[in-house]
Amino acid sequence: MKTLKHQITMLNGQIFRNTQYRRHYQQRLALIDSDTLTTSCRCQQRIDSLTRQIAADRCHIETLQARMIALIEGLADHRIQEILTRRYVNGESFDAIAAAMHFDVRWIYRLHQQGLRLLGPLEAA
């Protein structure tokens, strides 16, 4: 579960960086004179490449999120499902989860660990 969340976080960072690079190349392309056709072609190719990479990364994120949700929904204990959903899908803190579920935060930690142990073999498959 943590591995999936880490991959999603890394891909979100990559999308952010590629979006910034694409914006840079778009600004650069706007400043290029029509005299330098090769430079403008290279910029446009780079913009197209970054756009494709961003779309592929977004698709990969959707796949990972769907896998994470499917793994969570496969658990029998609804309390653990709610904790893992709130933590990994919604990004809530353990304190916020404990307050929302009216549990002690230590109990949330225990149920969370239990959920991760249950998901360990499923996630590897």
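How many disulfides does the count come to? Zero. Keep in mind that this is a predicted model. I'll come back to the cysteines. Helices first.

Start with α2. Helix α2 runs over residues 37–73, which makes 37 residues. At 1.5 Å a residue, the helix should span 54 Å. The end C-alpha atoms are 54 Å apart, so expectation and model agree.

Which residues of α2 are buried? The list is T39, S40, C43, I47, L50, I54, D57, I61, L64, M68, L71 and I72. Note D57 in there, along with T39 and S40.

Three of those names come back when we look across to α1. Helix α1 covers residues 2–31, and N18 lies in it. Is N18 buried or exposed? N18 counts as buried, because its relative accessibility is 10% and the cut-off for buried is under 20%. Setting aside residues up to four places away in sequence, N18 touches L50, Q53, I54 and D57. L50, I54 and D57 are on the buried list of α2.

Next, the core. The largest nonpolar core has 24 residues. The residues with the most contacts inside this core are M1, M68, I83, L84, Y88, I108 and L119. Where do the core residues come from? Helices α1, α2, α3, α4 and α5 each supply at least two. Here α3 is residues 78–89. Helix α2 gives the most, with six residues. As background, nonpolar side chains tend to be buried together in soluble globular proteins.

Take L119 from that group. Apart from its neighbours within four places in sequence, L119 is in contact with M1, L71, L75 and L84. M1 and L84 are, like L119, among the residues with the most contacts inside the core.

Now E123. This residue is found in helix α5, residues 105–124. Is E123 buried or exposed? Buried, with a relative accessible area of 17%. What does E123 contact, beyond four places in sequence? M1, K2, T3, L4, R67 and L71. M1 and L71 also contact L119. For a distance, take L75: E123 and L75 are 48 residues apart in sequence, and 12 Å apart in space, C-alpha to C-alpha.

On to the loop between α4 and α5. Helix α4 is residues 94–101, and H102 sits in the loop that follows, before α5. H102 has a positive phi of about 60 degrees, although this residue is not a glycine. H102 is exposed, at 71% relative accessible area.

F103 lies in the same loop, between α4 and α5. F103 counts as partly exposed, at 29% relative accessibility. Not counting residues up to four places away, F103 touches R79, A98 and I108. I108 is one of the core residues with the most contacts.

Rings, quickly. The count of aromatic pairs comes to one. There is also a charge over a ring: R87 lies over the face of F94, 4.2 Å from the ring centre.

Back to the cysteines, as promised. A disulfide is a covalent bond between the sulfur atoms of two cysteines. The count here is zero. Why is C41 in no disulfide? The nearest cysteine sulfur, that of C43, is 9.6 Å away, and the cut-off is 2.5 Å, so the pair does not qualify. C41 is partly exposed, at 39% relative accessible area. C43 is on the buried list of α2. C59 counts as partly exposed, at 46%.

That's the tour.

How values were computed
Residues are numbered from 1 along each chain as its sequence is written. This is a predicted model: local features need pLDDT of at least 70, side-chain atom pairs count only at pLDDT 80 or more; totals for chains, interfaces and linings use all residues. Side-chain values use heavy atoms; hydrogens and water are left out. Helices (H or I, at least four residues) and strands (E, at least two) are DSSP runs, numbered from the N terminus. Buried means under 20% relative accessible area, exposed over 50%, partly exposed in between (1.4 Å probe, protein chains only). Contact means heavy atoms within 4.5 Å. The expected span of a helix is 1.5 Å times one less than its number of residues. Rings of Phe, Tyr and Trp (its six-membered ring) pair if their centres lie within 6.5 Å; planes under 30 degrees apart count as stacked, over 60 as edge-to-face and the rest as tilted. A charge sits over a ring if NZ of Lys or CZ of Arg is within 6 Å of the ring centre and within 35 degrees of the ring normal. A nonpolar core is a set of buried Ala, Val, Leu, Ile, Met, Phe, Trp, Tyr and Cys residues joined through side-chain atoms within 4.5 Å.
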